[in-house]
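Colleague: Please take one part of this model and go through it closely, in plain terms. I would like to follow the aromatic side chains first and then a helix.

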Amino acid sequence: LIKIPLKNPDSLSLATINQKSNLLYKTRQIDSVFFYDRLLLRSSKKSNSDYYSGKANFNIALYFDKVNVYDSAYYYFSQSKNNFIKIKDSSQAGRSLLNMAIIQKDQNDFFGSKETFTEALNYLNTTNDQKYIASVYNELATNHRKLLNYADAINYYKKAIYTTPYENDKLSYKPKKPLSG
């Protein structure tokens, strides 16, 4: 058993806590994951590690999203975004924004989510983040469809299909029924 120094955590301690959380996640021990992610957040703040704070905030947000506590999920995704912006990890910041926008959309804030989706596109890398960019386009298409803006919806569905590198995603991004006004 490894003893992790929590009074003055170093990067190895933070990496160990993060890895423990990841292993617990893979075995679906969600409450234990939440415990270790909160521990990671407290420890990363002590050592001023924006990287591990960002990871912890993101994982805590995922937990709250899973248990349907959306205001807390949104808050922690926002904190994660801020951490990743500080260390210039634009891909992770963009992924946090994507999740924030999905929460907004699911709460029927279509205009607010459109702004947040658009902000996410500014951070996502066109080479490494194609899957997430395609997801943003698909979510924007859904927003426009719900707002009865069918021409814009079709345009975003096409962008999602064109952007994604995965065949299964291409199939899921196709509208299930014809769009018309």
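Modeller: **Aromatic cluster and helix α8**

Phe 34, Tyr 63, Phe 64, Tyr 75 and Tyr 76 belong to one aromatic cluster. The model is predicted, so local features need pLDDT of at least 70 and side-chain atom pairs count only at pLDDT 80 or more, while totals for chains, interfaces and linings use all residues. Residues are numbered from 1 along each chain as its sequence is written, and side-chain values use heavy atoms, with hydrogens and water left out.

Across the whole structure, a search gives 9 aromatic pairs. Rings of Phe, Tyr and Trp (its six-membered ring) pair if their centres lie within 6.5 Å; planes under 30 degrees apart count as stacked, over 60 as edge-to-face and the rest as tilted. Phe 34 and Tyr 63 are stacked, because their ring centres are 4.0 Å apart and their planes are at 20°. Phe 34 is in helix α2 (residues 30–46) and Tyr 63 in helix α3 (residues 50–66), so this pair ties together parts that are 29 residues apart in sequence. Helices here are DSSP runs (H or I, at least four residues), numbered from the N terminus. Both Phe 34 and Tyr 63 are buried, where buried means under 20% relative accessible area, exposed over 50% and partly exposed in between (1.4 Å probe, protein chains only).

Tyr 75 and Tyr 76 make an edge-to-face pair, 5.0 Å centre to centre with 85° between the planes. Tyr 75 counts as partly exposed because its relative accessibility is 44%. Tyr 76, at 22% relative accessibility, also counts as partly exposed.

Now the helix. Helix α8 (residues 150–163) has 14 residues, which at 1.5 Å a residue should span 20 Å; the end C-alpha atoms are 20 Å apart, which agrees. The expected span is 1.5 Å times one less than the number of residues. Buried residues in α8 are Ala 153, Tyr 156, Tyr 157, Ala 160 and Thr 163. Seen down the axis of α8, its buried residues fall within an arc of 135°, so they line one face of the helix. That arc is taken from the directions from the helix axis to the C-beta atoms. An α-helix has 3.6 residues a turn, so residues three or four places apart point the same way. Ala 151, Lys 158 and Tyr 162 are exposed on the other side of α8. The cover over the buried residues of α8 includes α7 (130–146) and α9 (167–173).

How values were computed: Helix = DSSP H or I, 4+ residues; strand = E, 2+ residues; numbered from the N terminus. Contact = heavy atoms within 4.5 Å.
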